[in-house]
Amino acid sequence: MPARRAENLLIHDAHVLGRSSSLRVFLHPARHSLLSSPLAMSSAVATPAQELNQRRPSPVDKLDAAYSPLPQKSDKATGLDAAVGVSSIKPTDVPSDSKIPDNYVSYTIANQKYLPPVTWKNLLQNIQWISFLVLTVTPSLAIYGICTTDWNTKTAIWSVIYYFITGLGITAGYHRLWAHRSYNANAPLQYFLALAGAGAVEGSIKWWSRGHRAHHRYTDTKLDPYSAHEGFWHSHVGWMIIKPRGKIGVADISDLTRNKVVRWQHVNYLSLIFLMGWIVPTVVAGLGWGDWRGGFFFAGAARLCFVHHSTFCVNSLAHWLGEQPFDNKHTPRDHFITALCTVGEGYHNFHHQFPQDFRNAVKWHQYDPTKWFISIMHSIGAATHLKRFPDNEIKKGQYTMKLQELQEQSEKLKWPKSSSELPVISWDDFKAEAKERSLVAIHGFIHDCSSFAEDHPGGAHLIKRAIGTDATTAFFGGVYDHSNAAHNLLAMMRVGIIDGGMEVESLKRRPAESAASSVTNSPVSSASASSVDVASLPDQDDFLLDQTQLNSQGPKPAAPFGQPQAQRADKFTLSVPPSERYRIVRTVPEIRPGLLNRVHTLDKVTRADADGEVAEFIGEKA
Ligand SMILES: [Zn+2]
Ligand SMILES: [Zn+2]
């Protein structure tokens, strides 16, 4: 721990411990003198810099090997950087979004002023020339070099190696370490990644992470610096070449301002891109095997061009190509080709769902060299606190997407008519109509089997035998225990519901009542019709059971022979459409609003309401 940082922690402790004088005797003499010193105590509230000095490190800071709450000498720009006026980053404790209003996104998008759209006329005024030159001169140099330089295998291998080194600087460093804090790195690894990332010439860690955090926070909106909704080329390079039309969304990077590696890289950035982007690849090939020209054009220009477009693909290709196995609310997608192009950043749908996970690819066989690199660094002790989202939460995302897919499939299928759409027919009418066409009653529903009888796998004679009867028992295993497919097919033949759900003797039309119409179109389910009918049975004498009809119910309704099987079958077959099933579940808790009103309409003498029900019904005693 640097001496200064240790001192900072001590001063903080002084505030906590110094209140109790009895504690002081346990302190180290040096610490004791620090506590006793009026200077130490008074310095705590003196200046903003000193205030910062005695701040309590956040959990993130405590784990950061490059934590440094005060500017260092090395944070000042020198040489080339000083000459172009690079200013240092001031460490701050105050998050840039600490006062963000709740309606920030909608308000900002609706109210901020956007520049007019880019046309051929105003194109030149809208070009960001530095990015434009970097992104056009580099490939031009690469093409010229490839056409004019002799092939050297060593240089070619070195170019590929340096492509991976600088690529990892972006993916393992800029992206997963600094933008997302998906693990912690010791100081040497941080300096290595900062240098390697500078070799990719994509801006400083601070600038890059600021934009990337906004990208995650406002994905696909106008506050996203490289929103995929603006088109493939905008998210690939357009956002760098053309001046942004509006301001990007706020994203806090105060933690990065307290990291001395980030500050150091930022103030020396210009020197570092020349050193790491051009000088190192050239010098290694030149001093190593004398191929200075190849080093410059292959490991320098061509390699840089590949690194650029490989990492830009994370913003474009990864929001355009592939599947969405974890969430489809936004554009990010998973694809092996994107992973190949981007040093393993291709599982972008996963990444946007679980951005702090140090992995992009969760499966062992998926290509993610950045994850492998971090794991190796972890095994040698350079990386610690690798973050993984709980497997349970990851699987929930996958499960939700599968459900959604099933729902979409279900919407494309034809479902049987639900009980509320079918007419309720009396047993006698059913029998009468069965003389005209092949009607069979099964499980309370009337099915028209006219067009199916000849195709019945068991033979047409079995269907013909069942016409005009209740074949529930035969269908549910009595003659043959039908398959799920048979249940589904049968349900599609529904044309009506038997009043009472089955053959009920008391509901049969008596001669005196024959004049009255018995066909109703009331939208009641067979289940509710059944319960109403049983309750309204006139008396016991009228209730004569037909012994041949197994599915009839007496005054105490017993589950008919076939019913339990039928209910079980319904769970696994699709004879009830999913929407219907959902509707039934939703209406189970029945609310009876009339109940409370009865209290006020009780007769004062009899304590009974208009229907003659006494007050005990609602628990009130006379
Ligand atoms: Zn993205
Ligand atoms: Zn990210």
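**Close-ups of a predicted model**

**View 1. Helix 10 and helix 17 sit oblique to each other.** That word fits because angles under 35 degrees count as roughly parallel, over 145 as roughly antiparallel, 65 to 115 as roughly perpendicular and the rest as oblique. Helix 10 (residues 153–179) and helix 17 (residues 292–312) pack at about 40°, axes 9 Å apart. Axes here are lines fitted to C-alpha atoms over the stretch in contact, with angles from 0 to 180 degrees between N-to-C directions. Helices are DSSP runs (H or I, at least four residues) and strands too (E, at least two), numbered from the N terminus. This is a predicted model, so to speak with filters: local features need pLDDT of at least 70, side-chain atom pairs count only at pLDDT 80 or more, and totals for chains, interfaces and linings use all residues. Residues are numbered from 1 along each chain as its sequence is written, while chains are lettered from A and ligands numbered from 1 in the order written.

**View 2. A four-stranded open sheet has mixed pairing.** Its order is 3-6-5-4, and strands pair if DSSP finds at least two bridges between them. Strand 3 (424–425) and strand 4 (439–442) are the edges, each pairing on one side only. Strand 5 (residues 445–448) and strand 6 (residues 494–498) run antiparallel, joined by three bridges. Look for H447 opposite R494 of strand 6.

**View 3. Helix 2 (residues 21–24) has the lowest mean pLDDT among the elements, 34.** Helix 11 (residues 187–198) has the highest, 98. pLDDT is the predictor's confidence in each residue, from 0 to 100.
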